[in-house]
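Visitor: Could you walk me through the salt bridges, please? I'd like a close look at that one part.

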Amino acid sequence: MKPVYHSFLLLALFACSCFANAQSDSIKTLIITGQNNHNWQVSHLALEKILKNSGLFSVDIAVSPAKGQDMSNFIIDFEPYQLVVIDYNGDSWAEETNKRLVEYVKNGGGIVFFHAANNAFPKWKEYNEMTALGGWEGRNETAGPYQYWENNKLVSNSEPGIGGHHGAPHEFVLNARDTLHLITQGLPAQWKHAQDELYSFMRGSGKIENLLYTAFSDKATGGSGREEPLIFTVSYGKGRVFHTMIGHVGSTLQENAAMQCTGFQVTLLRGSEWAATGKVTQPVPDDFSKANQISLRLEYFPPVRICN
Ligand code: ZN
């Protein structure tokens with residue numbers, strides 16, 4: 001079925017009377033990027049566009065030194081921020097930055113783990129507790145159990161084996177497992193995601209607090225045969241943690257279906273607002289993906305600017 005395309009109306013932006021308020025009240029956000037086995041040069045720009053274009057967030061970007069370079073001066077002050085978005089998978093940060101991030105979340109900071117951020121730092125215990133589930137980078141049963149949806153509940157399985165896998169990228173349906181959470185309230189119980197990687201065999205000892213969406217990882221597409229947790233919140237200290245495993249970045253902002261997907265953008269925006277404030281003020285948009293039809297926001301703009 002053909003996807004529905006929504007183009008942003010330039011007039012709508014400037015006609016919106018909430019514009020000035022949204023800017024002054026915006027949620028102060030820091031995206032951390034700079035190394036990844038993914039095209040971070042595009043993904044962090046897409047994340048920035050999605051967040052800023054909603055009118056709810058102001059965004060700073062912290063770009064780490066390149067792979068193999070000295071990290072000792074990459075010290076981040078998290079104090080000014082209500083939200084930290086991790087778009088990073090690379091060399092270890094300075095110990096001081098690690099310590100500050102853990103304290104920030106423990107003390108009630110909001111954090112979003114995006115896609116391959118859950119590949120990062122396999123040996124950093126607290127980081128893996130914050131993500132709850134991780135994969136690749138040598139992970140195996142020592143990283144914690146597999147966690148997946150079976151017989152209408154989230155189960156843990158400590159059998160030995162790999163940590164982290166995905167089959168061929170494809171379109172797949174997200175299944176809601178908690179429709180009462182603020183992030184998912186009002187969204188359809190099923191929606192079709194644009195072509196993306198479906199992470200499977202993820203493992204970790206962290207505590208998934210609210211499992212929001214799973215998807216079936218079909219062996220026919222090289223998957224696990226399990227219903228895999230892909231979007232969830234994590235219990236860690238006083239912090240609010242939102243983890244989305246979807247959103248594999250493309251080659252350019254224009255060739256980037258998984259991040260252009262309306263379902264990806266809306267769940268990211270709602271999860272980000274919740275992580276930062278504990279609330280979700282965003283209405284459910286009319287262009288949200290349907291169970292049998294993907295929807296794309298090619299320019300990373302909502303069809304109507306969000307006002308709060
Ligand atoms: Zn990926």
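Guide: Happy to! A salt bridge here is a side-chain nitrogen of Lys or Arg within 4 Å of a carboxyl oxygen of Asp or Glu. This is a predicted model, where local features need pLDDT of at least 70 and side-chain atom pairs count only at pLDDT 80 or more, while totals for chains, interfaces and linings use all residues. Residues are numbered from 1 along each chain as its sequence is written, and side-chain values use heavy atoms, leaving out hydrogens and water.

Searching the whole structure turns up nine salt bridges. Let's start in helix α4 (residues 95–106; helices are DSSP runs of H or I, at least four residues, and strands runs of E, at least two, numbered from the N terminus). There Glu 96 and Lys 99 sit three residues apart, about one turn of the helix, and their closest N and O atoms are 3.6 Å apart. Glu 96 is partly exposed at 30% relative accessibility (buried is under 20%, exposed over 50%, partly exposed in between, with a 1.4 Å probe and protein chains only). Lys 99 is also partly exposed, at 44%. Arg 100 joins Glu 96 and Lys 99 in a network of salt bridges.

Helix α5 holds Lys 125 and Glu 129, four residues apart, about one turn of the helix. Their side chains meet at 3.1 Å, N to O. Lys 125 is exposed at 57%, whereas Glu 129 is partly exposed at 23%.

For a link between strands, look at Lys 192 and Glu 171, whose closest N and O atoms are 3.7 Å apart. Lys 192 lies in strand β10 (residues 190–196) and Glu 171 in strand β9 (residues 170–176), so this pair ties together parts that are 21 residues apart in sequence. Lys 192 is partly exposed at 22%, and Glu 171 is partly exposed at 39%.
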